[in-house]
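Got your viewer open and a selection tool ready? Let's take a short walk through this one, stop by stop.

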Amino acid sequence: MLDCGPMSELRLRFSDGDQPDLVVGAGVHALGRLPTGLGPVDAEQPWLLRVSNDRRGLWLTVAEGLRGVHVNGRPVQHVAMLRAGDSIHVDGGELLLVAANDGRAVAPVIAGRDPVGNLRLVLRGLGGSHHGRSLNLEKPRRIGSAADADLRIDGPGIAPQHAVLEAVNGQAVLRDAAADVQVNGQRVRHALLQAGDQVAFDVQHRFVLEGPPPAAAVPPPRARDGNGDAADEVPAGGRRHWTLRIPWLLLAAILLSAALSVLLLFGER
């Protein structure tokens, strides 16, 4: 699975800046050596990497015999699953898988908390010294190099308080982030996170937010009739769904069966 939450678009960004972003739509995208560096190539040309986007998710395939390919600092020899925010190093260059993160404005801080819902949100390490470590969001978590930080990370560019991550009524909010913090490959200062989002502090320290998907929209209240009772919903066009007519069909079948029984009992002998 792609495991990265709702996103409008995924793109591969080239570190050299000369190559425009590659939109990673459905299908197979081949990358090879071009005169200007690494870039997309046709199916007939030699390729180094293939990125496949299908119903299973997003997958990276490495050409046979190619060495030195790394995803988030970890070597890949054949196949690897990708998620938004991943950094791919190959042939001396870097590719960054970027998501648009549309609609990620910070949610308003609402008074009161949902401790049970917040416990279901977990920040899990993907790279760096915290790989595999999990941290729940039962309380606001201060992230940085300070000795008393809830998540202490070290590095030349890590501030004592590099960011704050907290849960408000079951939603994760990243705020007061330093300039180098990325969510799904995009630099942010404040963001509303969703399950599957990848958060990177500096290059080495990568985490994924795990938790339930966003709550489904609450259906509108049912219409009320003149007596204040809930009325049956009628779709646009004025016709009721066939399932709402089942009781009448059942009653008609019972009456017809009764009529046939009377004819059989008292009919012509």
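Before you start clicking, keep in mind that this is a predicted model.

**Stop one: the open sheet.** Switch to cartoon and look for an open sheet of six strands, ordered β13-β12-β22-β21-β18-β19. The pairing is antiparallel. To find the edges, select 134-136 for β13 and 186-187 for β19; each of these strands pairs on one side only.

Now go inside the sheet and select 122-127, which is β12, together with 205-210, which is β22. The two run antiparallel, and five bridges join them. Which residue of β22 is the bridge partner of Leu123? Show both strands as sticks and you'll land on Leu209.

**Stop two: a ring pair.** Next, select Phe201 and Phe207 and display their side chains. The ring centres are 5.9 Å apart and the planes sit at 65 degrees. Edge-to-face needs an angle over 60 degrees, so the Phe201 and Phe207 pair is edge-to-face. Turn on a surface and ask whether these two are buried or exposed. Both Phe201 and Phe207 are buried.

**Stop three: strand β16.** Select 163-168. This is β16, and six of its six residues are buried. Colour the two faces separately: Ala163, Leu165 and Ala167 are on one side, with Val164, Glu166 and Val168 on the other. Both faces are covered, Glu166 being among the buried residues. As background for that colouring, side chains in a regular strand alternate between the two faces of the sheet.

Then add the neighbours of β16. Selecting 141-144 brings up β14, which runs antiparallel to β16 and is joined to it by three bridges. In this pairing, Arg141 has Leu165 as its bridge partner. Selecting 171-175 gives you β17, again antiparallel to β16, with five bridges joining the two. Here Val164 stands opposite Arg175.

While you're there, follow the backbone from β16 into β17: they form a hairpin with two residues between them. Click on Asn169 in that turn and check its phi, which is positive at about 50 degrees.

**Stop four: out to the surface.** Finally, select 246-266, helix α2, and pick out Leu263 within it. Is Leu263 buried or exposed? Its relative accessible area is 59%, so Leu263 counts as exposed. Add Leu256 and Leu260 to the selection and show the surface: together with Leu263 they form a nonpolar patch. The three leucines have about 320 Å² of accessible area together.

Methods
Residues numbered from 1 in each chain as written. Predicted model: local features only at pLDDT ≥ 70, side-chain atom pairs only at ≥ 80, totals over all residues. Heavy atoms only, no water. Pairing = 2+ DSSP bridges. Helix = DSSP H or I, 4+ residues; strand = E, 2+ residues; numbered from the N terminus. Phe/Tyr/Trp six-rings, centres within 6.5 Å; stacked < 30°, edge-to-face > 60°. Buried < 20%, exposed > 50% of the residue type's maximum accessible area, 1.4 Å probe, protein only. Patch = residues over 30% accessible without salt bridge, like charges linked within 9 Å, V, L, I, M, F, W, Y side chains within 5 Å. Areas by Shrake-Rupley, 256 points an atom, 1.4 Å probe, with all protein chains shown as cover. Salt bridge = Lys/Arg side-chain N within 4 Å of Asp/Glu carboxyl O.
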